[in-house]
Amino acid sequence: MTVTDPETPATGWVPEPAEEESAEDDMPLSLRLSIADTLTLGNATCGFMAVYFTTTGILIPHLTGSGESGMARNSAATAVILMLLAAVFDLFDGIVARKLRSSPMGAELDNLSDLISFGLAPAYFVLVYGMVAVDAHQKMSALAAIVVLLAVVLRLARFSCVTMKDGMFQGMPSPFGALTVVSIVLLELPFVPTLLAIIGVAWLMVSRVEYPKPRGVLAVAMLCWIISAMGLLAAWAFDAPGGQLLLQTGCALQIAMAATIPLFATTRKANTFRHNRREARATTLR
């Protein structure tokens, strides 16, 4: 028995439903890129290009004996500026993801991009430093580079598994750690202090020290600091008057922030513990 819709024209044929759908509707949600994901891919691109400029502008000229100090300085500045730009992308992809949306693979893309820009790129920068510096030791620099890379790997893996209270990171954030490592290298300290400082930063990245997430005023301050650092690097690269001193001042400030933030965080945590302990005693006495 055939049932015919009374509103269907009596032609003997029932129209087939439309099968033409947009390619976007057919694509699984997990494979669509959001605006935040595009920014994350910009982060990864900057990290890769930082490795490229470190290789072509510093390492290869050194190995072939055809490099000039000015070209190496420009390439080093370009590589670090690209890492700073990667940090900007990393800052904004989180903001955009919270305001708009991110795809289901956004977190994985973010971790992979951070591994390139804030793990591989600074570790490779340390490795090359060990090959071109006058008083450096290549094998020890390679060890320090491996420590930096593994610290970032462990930190990113823990970030995916451990749930922290809102607004806080556990361990130094990888962008902040990468920029601190590069600042230590650019400061051109003696080799042994440089090596120990780099290992110290790697330890902070895998530590349990709490760091605030860059949101609101802190995000604006971080962005202003990154832009200022880019200006200092540009002045140094183009050999501007006082450029070397400005760069050293900027690197020293970055290292000072990396050293003082854990102290403030530890002091705040200790004060909170004492306050809770006093309250518990007061409650018991009542």
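This report describes a buried leucine and the aromatic pairs of a predicted model.

## Basis of the description

The model is predicted, so that local features need pLDDT of at least 70 and side-chain atom pairs count only at pLDDT 80 or more, while totals for chains, interfaces and linings use all residues. Residues are numbered from 1 along each chain as its sequence is written, and side-chain values use heavy atoms, with hydrogens and water left out.

## Surroundings of Leu 84

Leu 84 belongs to helix α3 (residues 69-99), where helices (H or I, at least four residues) and strands (E, at least two) are DSSP runs numbered from the N terminus. With a relative accessible area of 4%, Leu 84 is buried (buried means under 20% relative accessible area, exposed over 50%, partly exposed in between, with a 1.4 Å probe and protein chains only).

Leaving aside residues up to four places away in sequence, Leu 84 touches Leu 179, Ile 226, Ala 229, Met 230 and Leu 233, contact meaning heavy atoms within 4.5 Å.

## Aromatic pairs

The structure holds 3 aromatic pairs; rings of Phe, Tyr and Trp (its six-membered ring) pair if their centres lie within 6.5 Å, and planes under 30 degrees apart count as stacked, over 60 as edge-to-face and the rest as tilted. One of these is the stacked pair of Tyr 129 and Phe 191, at 6.4 Å centre to centre with 20 degrees between the planes. This pair links helix α4 (residues 106-132), which holds Tyr 129, to helix α7 (residues 191-206), which holds Phe 191, 62 residues apart. Tyr 129 is buried at 11% relative accessible area, and Phe 191 is buried at 6%.
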